[in-house]
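Grab a pencil and keep the viewer open while you work. Try each task yourself before you read its solution.

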Amino acid sequence: MSTSFRFTKALAVLAGAALALTACGGGTTGADAKDSGTMTYWSMWKVGEPQQKVIAQAVSDFEKQTGATVKVQWQGRSNTTKLVPALNTNNVPDLVDGSYAKLAPVLGNTGEALPLTDAYASTVDGRKVSDLIPAKYLTASNIKDSSGQPWMLPYSLSSDAIWFNAAKNPDQVASPPANWDDFMALLNKEKAAGQVPLAADGDIAGYNSAWFSNLMIHAEGPGSLYKIASDKTGAAWDSPAVLAAAQKVQALAQGGYLINGYNASKWPAQQQAWANGGADLLLNGSWIPTETGTYAAKDFQYSSFPFPAVSGQPAMARADFVGWAIPKKAKAAVLAQKLAAFLLNKKYQDELGTQAKVLPIRADAQTSPEMSTIKKAIDTAKVVYQADDGITFPGYTTKVYWPIDDQLFLGKINATQFVAKMKAAQLAYWKAQG
């Protein structure tokens with residue numbers, strides 16, 4: 001039975017239930033009903049970030065409409081790290097947000113998250129919350145608990161693409177590379193013309209791994225890398241597809257395509273250089289227009305094309321959830337579910353798209369011009385997948401995959417050595433798991 005079928009079935013059960021949240025109020029998650037309760041929220045955003053500004057306004061509006069008090073701690077990206085020790089106490093937040101990759105190991109995979117039954121069954125702008133999340137995203141992201149109910153409510157997406165300045169490279173707007181061979185031909189053309197084709201901040205392991213992960217997924221399909229990582233013997237790394245993907249990464253690292261010194265640089269030096277014309281292309285996330293906008297060259301026009309196809313796979317795009325979760329120990333869980341659903345009002349989804357310049361979860365939400373190409377790629381993709389193929393085994397990416405992939409992408413080892421190292425390290429990892 002597919003993930004999407006099980007999830008759809010679970011949502012159907014939720015939609016038919018008589019739920020406390022919808023009973024509390026009218027058309028927007030009961031937010032118009034008075035509720036004098038108090039809740040705490042640990043946010044992944046810092047004060048002053050565009051996302052923080054949108055969410056802060058939504059929280060303020062929620063308080064005015066409900067009479068509730070929301071105590072927000074704008075903790076930044078360390079919020080889930082701080083949550084780990086808190087789960088062993090009675091001092092847990094009622095609501096926490098973050099990426100799927102960070103929330104799953106802490107809450108989703110451990111059974112520490114509360115099912116978001118009420119939030120999904122509530123209504124926003126006259127529509128069920130469960131209907132506001134495009135079904136194809138659910139095939140890639142497992143946000144169900146052991147009972148088949150969702151433990152996470154996404155409010156935005158993150159994706160990646162190969163970014164470039166459309167004002168400088170109009171030909172890439174008209175005819176982006178259709179496949180990997182075309183992509184390499186473009187790199188060679190730029191190199192021959194004396195241009196630097198690629199930029200990469202080599203000290204960011206998650207950025208480096210995007211090359212190998214994308215190559216594997218685009219060659220073998222979503223779930224292929226996850227399956228390899230799941231093999232407790234490590235033998236799955238002997239697949240010819242693995243070596244072929246690693247050889248492509250080796251060719252990039254050793255072919256003179258990247259800015260000289262990328263393998264000893266410190267973030268954000270390389271993306272700054274790219275934004276100022278130091279290189280033509282940058283594989284990076286959907287946050288790049290916001291992150292580089294303050295120092296990009298004058299009249300820089302953000303555009304992107306999807307990661308190039310490798311084999312006969314259908315058009316695909318990465319789509320990772322950013323959203324809410326509620327610890328089981330939360331004292332104000334009902335109120336927290338109301339607030340989680342409240343941010344899916346189109347007003348705030350539009351503001352996330354146009355002001356924060358991210359990808360809202362709602363397909364009907366507005367987005368900024370800078371995001372038009374990456375949004376089109378996601379909307380038209382037949383298949384979506386997660387960063388690093390959704391691998392969330394505790395410590396696997398940070399202690400096994402990323403360090404060895406770094407050696408490959410930074411030109412310290414070749415493809416054959418990468419395969420051997422991954423095989424041995426993975427065997428040791430799973431033995432240590434018991």
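## Exercise 1: A serine and its surroundings

Not counting residues up to four places away in sequence, Ser-368 touches Gly-353, Thr-354 and Lys-357. Keep in mind that this is a predicted model. Your task: find where Ser-368 lies, and decide whether Ser-368 is buried or exposed.

**Solution.**

Step 1. Start with the location: Ser-368 sits in the loop between β13 and α17.

Step 2. Now check the accessibility. The relative accessible area of Ser-368 is 4%, and buried means under 20%, so Ser-368 is buried.

Step 3. Look at the partners again. Gly-353 belongs to helix α16 (residues 346-354), where Tyr-348, Gln-349, Asp-350, Glu-351, Leu-352 and Gly-353 are buried.

Step 4. Follow that helix outward: the buried residues of α16 pack against α3 (50-66), β6 (153-158), α15 (333-342) and β13.

## Exercise 2: The whole chain

Task: work out whether the radius of gyration agrees or disagrees with that of a compact globule. Then describe the chain as a whole.

**Solution.**

Step 1. For 434 residues, a compact globule would have a radius of gyration near 22 Å; the chain has 22 Å, so the two agree.

Step 2. Picture the box. Along the principal axes, the C-alpha atoms fill roughly 65 × 55 × 35 Å.

Step 3. List the building blocks: there are 19 helices and 14 strands.

Step 4. Ask how much is tucked away. Of the 434 residues, 54% count as buried.

Step 5. Turn to the contacts. Among those with a separation of 6 or more, 78% are between residues 24 or more positions apart.

Step 6. Finish with the outside: the accessible surface comes to about 17,300 Å², and carbon and sulfur atoms own 54% of that.

## Exercise 3: Charges that pair up

Task: which residues are linked with Arg-362 in a network of salt bridges? Trace the pairs, then look at another salt bridge elsewhere.

**Solution.**

Step 1. Count the charges. The chain has 39 positive and 35 negative side chains, and the centres of the two sets lie 4 Å apart.

Step 2. Recall the idea behind pairing: side chains of opposite charge can pair when their charged atoms come close. Searching the whole structure turns up 12 salt bridges.

Step 3. Take one of them: Arg-362 and Asp-125 meet through their side chains, at 2.8 Å from N to O. This pair links distant parts of the chain, with Arg-362 in the loop between β13 (359-360) and α17 (372-380) and Asp-125 in the loop between β4 (123-124) and β5 (127-128), 237 residues apart.

Step 4. Arg-362 also forms a salt bridge with Asp-364, where the closest N and O atoms are 2.9 Å apart.

Step 5. Put the network together: Asp-125, Arg-127, Arg-362 and Asp-364 are linked by salt bridges.

Step 6. Compare how covered these residues are. Arg-362 has 3% relative accessibility and counts as buried, whereas Asp-125, at 38%, counts as partly exposed. Asp-364 counts as partly exposed too, at 34%.

Step 7. Now for the other pair: Arg-318 and Asp-160 form a salt bridge, with their closest N and O atoms 3.4 Å apart. Arg-318 is in strand β11 (residues 316-318) and Asp-160 in strand β7 (residues 160-165), so this pair ties together parts that are 158 residues apart in sequence. Both Arg-318 and Asp-160 are buried.

## Exercise 4: Backbone details in the loops

Task: which residue is joined to Trp-267 by a cis peptide bond? Then examine Gly-255, Asp-299 and Asp-389.

**Solution.**

Step 1. Pro-268 is joined to Trp-267 by the cis bond, and omega is about 5°. Pro-268 lies in the loop between α12 and α13.

Step 2. Gly-255 lies in the loop between α12 (240-254) and α13 (269-275). With a relative accessible area of 18%, under the 20% cut-off, Gly-255 is buried.

Step 3. Leaving aside neighbours within four places in sequence, Gly-255 is in contact with Lys-191 and Gln-250.

Step 4. Check two phi angles. Phi of Asp-299 is near 65° and phi of Asp-389 is near 60°; each is a positive value in a residue other than glycine.

Step 5. Place both residues. Asp-299 is in the loop between α14 (288-292) and β10 (302-305), and Asp-389 is in the loop between β14 (383-385) and α18 (396-409).

Step 6. Compare their cover: Asp-299 is exposed at 58% relative accessible area, while Asp-389 is buried at 7%.

Terms used:
Residues numbered from 1 in each chain as written. Predicted model: local features only at pLDDT ≥ 70, side-chain atom pairs only at ≥ 80, totals over all residues. Heavy atoms only, no water. Salt bridge = Lys/Arg side-chain N within 4 Å of Asp/Glu carboxyl O. Helix = DSSP H or I, 4+ residues; strand = E, 2+ residues; numbered from the N terminus. Buried < 20%, exposed > 50% of the residue type's maximum accessible area, 1.4 Å probe, protein only. Rg over C-alpha atoms; globule rule 2.2 N^0.38 Å. Contact = heavy atoms within 4.5 Å. Areas by Shrake-Rupley, 256 points an atom, 1.4 Å probe, with all protein chains shown as cover. Lys, Arg positive; Asp, Glu negative; His and termini not counted. Charge placed at Lys NZ, Arg CZ, Asp CG, Glu CD.
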